[in-house]
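Me: I have just opened this one and have not looked at it before. Could you walk me through it, a piece at a time?

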Amino acid sequence: MSDATLHSITQDPDDFAVQIADSIESFIVATTEVAKGDEPDSAVPFLLLEVSQLLLAGGRLGAHEDIVPDERYEPDAGPDMDVDDLRERFAVMLEPVDVFSEVFDPYEPRKAPVPARISDNLADIVLDLRHGLAHYRAGRTSEALWWWQFSYFSNWGPTASATLRALQSLVAHVRLDQPLAALDGLDTDEDLTEEDLAEEAGRVMAAELGGLGRPQA
């Protein structure tokens, strides 16, 4: 299926596959536009909106019964598109707030937060979504839906959820006039122990919670 027929009038707009594909393509197009940096001041709230809308599609995939592809083995979708440029553009644009703390699995007890990057997450999400879109555009609808559902559970869903939380927190800090506490060099490239990360995350969280509801000077 070519780009020209992706939104063909012969397709039922109420069809589940069409709606999921539309949501995914819309996210890819929108985030690619944001990465150009034409409106950096509105990048974070716009990304908050786009990731929220993508997770609605993800929720629909997650609630759907298990999707079984037509073929036993995944057909070749061609080489994955390079997302390094997208990653680097977002890293530059979001540099002061790119790194955030994430709890990888909230149901694993005593797991310390780990540092992550919004720029890495966005690029990884787009990479996953494009892979499924390649199948969809080639007319392999069941394969595309299977891939999007599988990778929603295994990768892009948790990644998007963590990214949404970080973006929502950034917007909340601005709207509530609560400056972000300094992370003192906390970075994804540092070889820190779980104790170091837990201590740092606890300090930042305590500072943030201590300021909630207090009037600004």
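Me: Let's start with one residue: which helix is Leu-48 in?
Reply: Leu-48 sits in helix H2, and please keep in mind throughout that what you are looking at is a predicted model.

Me: And what is Leu-48 in contact with, leaving aside its neighbours within four places in sequence?
Reply: With those neighbours set aside, Leu-48 is in contact with Leu-164, Leu-167, Gln-168 and Val-171. Taking Gln-168 from that list, Leu-48 and Gln-168 are 120 residues apart in sequence, while their C-alpha atoms are 6.5 Å apart in space.

Me: OK, now the helices. At what angle do the axes of H2 and H5 cross?
Reply: The axes of H2 and H5 cross at roughly 145 degrees and come within 8 Å of each other, and the crossing of these two helices is left-handed.

Me: What classes of residue make up the contact of H2 with H5?
Reply: By class, the contact of H2 with H5 has 18 nonpolar and 8 polar residues, and it has no charged residues.

Me: Switching to pockets, how much space lies in the second largest one?
Reply: The second largest pocket holds about 280 Å³ of space. It is lined by 17 residues, of which Asp-41, Val-44, Pro-45, Leu-170 and Val-174 are the closest to its centre.

Me: Which elements give two or more residues to that lining?
Reply: Those elements are helix H2, which covers 43–63, and helix H5, which covers 141–175. The largest share of the lining comes from H5, with 5 residues.

Me: And how does the lining of that pocket split by class?
Reply: The lining of the second largest pocket has 13 nonpolar residues, along with 2 polar and 2 charged ones.

Me: Last topic, confidence: what pLDDT does the protein average?
Reply: The protein averages a pLDDT of 80, and 76% of the residues score at least 70. Over residues 200–217, however, the pLDDT is below 50, and the model gives this stretch 19 contacts beyond near neighbours in sequence.

Methods: Residues numbered from 1 in each chain as written. Predicted model: local features only at pLDDT ≥ 70, side-chain atom pairs only at ≥ 80, totals over all residues. Heavy atoms only, no water. pLDDT = per-residue confidence, 0-100. Contact = heavy atoms within 4.5 Å. 1 Å grid on protein atoms, 1.4 Å probe; cavity = no way out; pocket = protein on both sides within 12 Å on 5 of 7 lines; lining within 4 Å. Points joined across faces, edges and corners; volume = space filled by probe spheres on them. Helix = DSSP H or I, 4+ residues; strand = E, 2+ residues; numbered from the N terminus. Nonpolar A, V, L, I, M, F, W, Y, C, P; charged D, E, K, R; others polar. Axes fitted to C-alpha atoms, helices over the stretch in contact; angles between N-to-C directions. Left-handed = near helix turned anticlockwise from the far one by under 90°.
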